[in-house]
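Me: I am in my first year and still learning to read models of this kind. Could you take me slowly through a single part of this one, and explain the terms as they come up?

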Amino acid sequence: MAEQHFKELPKMHTTYANVIKSLIPIGDNKATTLPESVYQVDSLAIDEHNLKEYRKICGFINDGRVPPTYFAVLSQTLQMNMMAKPDFPFAMLGLVHIENSVTQHRIIYDSETVALTVRLDNLKAHDKGQQFDFITTVTIDGELVWEGVSTYLSRQKKTAEERARAKSIEEPQPRLEADENHWAELINIPEDIGRRYAFVSGDFNLIHLHPLSARAFGFPRAIAHGMWSKAASIAQFHDLPKAYRVDVSFKTPIFLPSKIDFVAQAETDGRQFALYAAGTDKPHLLGRITFL
């Protein structure tokens, strides 16, 4: 397993040519292995200005703590560098972020210096192609304080029989409804949230930036970043413990601008939450917070 150490997070322009090359489709061949490389920033201090803007865009309060989704953002530049290498078996174009899990083992303060590590794992079949994980870990003086798993789908052609079988096993889930143990809120998402989040996160995927660039990739309008929608959901909770895990599945795109319903349910060991197209039972995101 080859380890590559960085003194700081790599800048996007240093690998821009390779990133563009990796967008080119490489056929419909199935991958058999994933690169075993490990990328690590050995000493990473939080950028105060970037974190301030991230909190503002996602709705987190400035309490001196690092938001639970922020390290997923920081890890993206390492992930992009890894995906831009020739031994990465998939083209970036068409990769779909389908699930994400983050685990905070203790409070992490924005004044602390961390080590951040990224690797690939868990290549497996999916009903629509193949999926794999980016696994990120954050340590402080050797102590594991945070870990995250981003699951991506590489869509590949299926036979008619495979498509029918996949469709037959889809089971819709009932919508969370507001009652004495639930709460709901209508959220207006502005048209420019994709561009604003891109400048904070470094994720300038064209499907998020403008209707014209999104149409070039088959979307009628620009769509919100999945990790923005997760962060904005978690920011609604102000009573989370020191340690917890947040798991989400990304179901359907949030076209910009949009009105969405945020619904949550309190449980003894955590919270359930979801984002729906306003006034419907069509989910954009389904999630759960588990107290540890």
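Reply: A residue is called buried when its relative accessible area is under 20%, exposed when that area is over 50%, and partly exposed in between. With that cut-off in hand, we can turn to strand E9 and its surroundings, keeping in mind that this is a predicted model.

Strand E9 covers residues 258-267 and pairs with strand E7, residues 182-189, in the antiparallel sense over eight bridges. One place where you can find this pairing is His182, whose bridge partner in E9 is Gln265. Strand E9 also pairs with strand E10, residues 270-277, and here too the sense is antiparallel and the bridges number eight. In this second pairing, Ile260 has Ala277 in E10 as its bridge partner. The connection from E9 to E10 is a hairpin, which passes through two residues.

The side chains add further links, and a good one to begin with is the salt bridge between Asp261 and Arg175, with a distance of 3.2 Å from N to O. This pair links distant parts of the chain, since Asp261 belongs to strand E9 while Arg175 sits in the loop between helix H5 (160-168) and E7, 86 residues apart. The two partners also fall into separate classes of accessibility: Asp261 has a relative accessible area of 12% and is therefore buried, whereas Arg175, at 21%, counts as partly exposed.

Strand E9 contributes to another salt bridge through Glu267, which is joined to Arg288 with the closest N and O atoms 2.5 Å apart. Because Glu267 lies in strand E9 and Arg288 in strand E11 (residues 283-291), this pair ties together parts that are 21 residues apart in sequence. Here Arg288 is partly exposed, at 25% relative accessibility, and Glu267 is likewise partly exposed, with a relative accessible area of 22%.

If we now follow the hairpin from E9 into E10, we come to a salt bridge between Arg271 and Asp239, whose closest N and O atoms are 2.7 Å apart. Arg271 lies in strand E10 and Asp239 in the loop between helix H8 (226-234) and strand E8 (244-250), so this salt bridge ties together parts that are 32 residues apart in sequence. The definition given at the start can be applied directly to this pair: Arg271 has a relative accessible area of 10%, and because buried means under 20%, Arg271 is buried. Asp239, by contrast, has 45% relative accessibility, and this value places Asp239 among the partly exposed residues.

To set these three pairs in context, the structure holds eleven salt bridges, and elsewhere Arg106, Glu112 and Glu143 are linked in a network of salt bridges.

Taken together, strand E9 is paired with E7 and with E10, while its residues Asp261 and Glu267 form salt bridges with Arg175 and Arg288. When you look at the model, a careful route is to start at His182 and its partner Gln265, move to Ile260 and its partner Ala277, and then look for the salt bridge of Arg271 with Asp239.

How values were computed
Residues numbered from 1 in each chain as written. Predicted model: local features only at pLDDT ≥ 70, side-chain atom pairs only at ≥ 80, totals over all residues. Heavy atoms only, no water. Pairing = 2+ DSSP bridges. Helix = DSSP H or I, 4+ residues; strand = E, 2+ residues; numbered from the N terminus. Salt bridge = Lys/Arg side-chain N within 4 Å of Asp/Glu carboxyl O. Buried < 20%, exposed > 50% of the residue type's maximum accessible area, 1.4 Å probe, protein only.
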